[in-house]
Amino acid sequence: MNATRLPELIDVFAARKRLRGIVRETPMMTSSSLSRLVGAPVRLKLEHHQVTGSFKLRGAVNAVARLDETERKRGVVAVSTGNHGRALAHAASAMGVRCIVAVSRLAPENKIAGIREEGAEVRVHGDSQDEAQTLVERLVAEEGMVMLPPFDHADIIAGQGTLGLETIEAAPELETVLVPVSGGGLVAGVALAMLRVKPELSVIGVSMARGAAMHASLAAGRPVAVEEKPSLADSLGGGIGEDNRYTLAMVRDLVERVVLVSEADIAAAVRHAYLEERQIVEGGAAVGMAALLAGKVTVEGPTAVILSGGNIDMNLHQGLIRGELPSWCED
Ligand SMILES: *Cc1c(COP(=O)(O)O)cnc(C)c1O
């Protein structure tokens, strides 16, 4: 890993080559209901149809492919609420590399099962991502394993950037793109790739109002910790890291703004995705749609909404479709 250089468009092209054969090029569809609402074509990037159910496979494959011989032998470790762990497990197993994933007790059961099915060892540790991280640090120190973080890493960001390349190639007419934001690896990579191709595009980030660490950090001008609370957008939980090196600077420089949506907005968007678009998406993936539907953002011209993942507990999903909001996420 190059510790100082921010990823560039050339790194995204190199990542795309490494991803071939493991990562799927996901389809886009036009949403007639959202197009009517916005008054311009709205395209949905169906990344929840990605292998492992989320875009995180892109960064994970790129990062594992970049390891040297010694690093591959020792294996990789990560801390993850689920989608990064699942993606890393799949990437490592596709490339014959050992993988251990540490998760906090907040991680949903379906996501833990998903990681195990991909062939990694799962260790549950602590009540937050930061606590689970201490276990990872021990494995790095004691067993020489390589830690691959979910977002703040040049190869991960470049891998996520391939999603942006695919989107702008499929729809060069786009003027705005809405991207879910947690640690910012997705939006940093997507913004980098798309803006280097089309500089006049607006990239807008969307987070849940409950615990939006990137939003708070942008306002403060430095990494800020926020209280972790359960949310329908569980894949957007966690901080951006006290020693954030890449994503805060990239998001500050590339992303027009980050808007926030409520739990009720997210629930309405998951329902809309299912009933109007026939798509099963997780809460964290529905925030872009939530922002449009709730009027938290006004966009002009052709717009893309990134649906970043589909790993939602199906009991929760069915409740949301019936119009129920779980008591733990009332605003
Ligand atoms: C991880 C994740 C995000 C946020 O990605 P960051 O790179 O952390 O900003 C969004 N949606 C889904 C489904 C995710 O798994």
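A polar contact here is a pair of N or O atoms within 3.5 Å; within protein, one must be able to donate a hydrogen and the other to accept it, and residues adjacent in sequence count only if both atoms are side-chain atoms. The model is predicted, with local features needing pLDDT of at least 70 and side-chain atom pairs pLDDT 80 or more, while totals for chains, interfaces and linings use all residues. Numbering runs from 1 along each chain as its sequence is written, and side-chain values use heavy atoms, leaving out hydrogens and water.

**Exercise 1. Find the polar contacts of the ligand with Asn-83, Lys-56 and Gly-183.**

Start with Asn-83: an N or O atom in its side chain is 2.8 Å from a ligand oxygen. Now try Lys-56, where a side-chain N or O atom lies 2.7 Å from an oxygen of the ligand. Gly-183 joins in through its backbone, with a polar atom there 2.9 Å from a ligand oxygen. As for cover, the ligand taken alone exposes 380 Å², and the protein buries 98% of that (Shrake-Rupley areas, 1.4 Å probe).

**Exercise 2. Describe the shell around the ligand and say where the ligand sits.**

Count the residues around the ligand (a heavy atom within 4 Å) and you get 16. Lys-56, Ser-182, Gly-184, Leu-186 and Ser-308 come nearest. Sorted by class, the shell has six nonpolar, eight polar and two charged residues (Asp, Glu, Lys and Arg are charged; Gly counts as polar). Last step: the ligand sits in the largest cavity. A cavity is a set of points on a 1 Å grid over the protein atoms alone where a 1.4 Å probe fits but cannot get out, and sitting there takes more than half of the ligand's atoms within 2 Å of its grid points.

**Exercise 3. Work out what lines the largest pocket.**

A pocket is an open set with protein on both sides within 12 Å along at least five of seven lines, and its lining residues have an atom within 4 Å of a point. The largest one holds about 1,000 Å³ of space. Its lining has 40 residues, with Gln-133, Met-147, Pro-149, Gly-241 and Asp-243 closest to the centre. Helix 4 (69-74), helix 7 (129-143) and strand 6 (146-147) each give two or more residues. Helix 7 gives the most, six residues. By class, the lining has 17 nonpolar, 11 polar and 12 charged residues.

Notes. Grid points are joined across faces, edges and corners, and a volume is the space filled by probe spheres set on the points. Helices (H or I, at least four residues) and strands (E, at least two) are DSSP runs, numbered from the N terminus.
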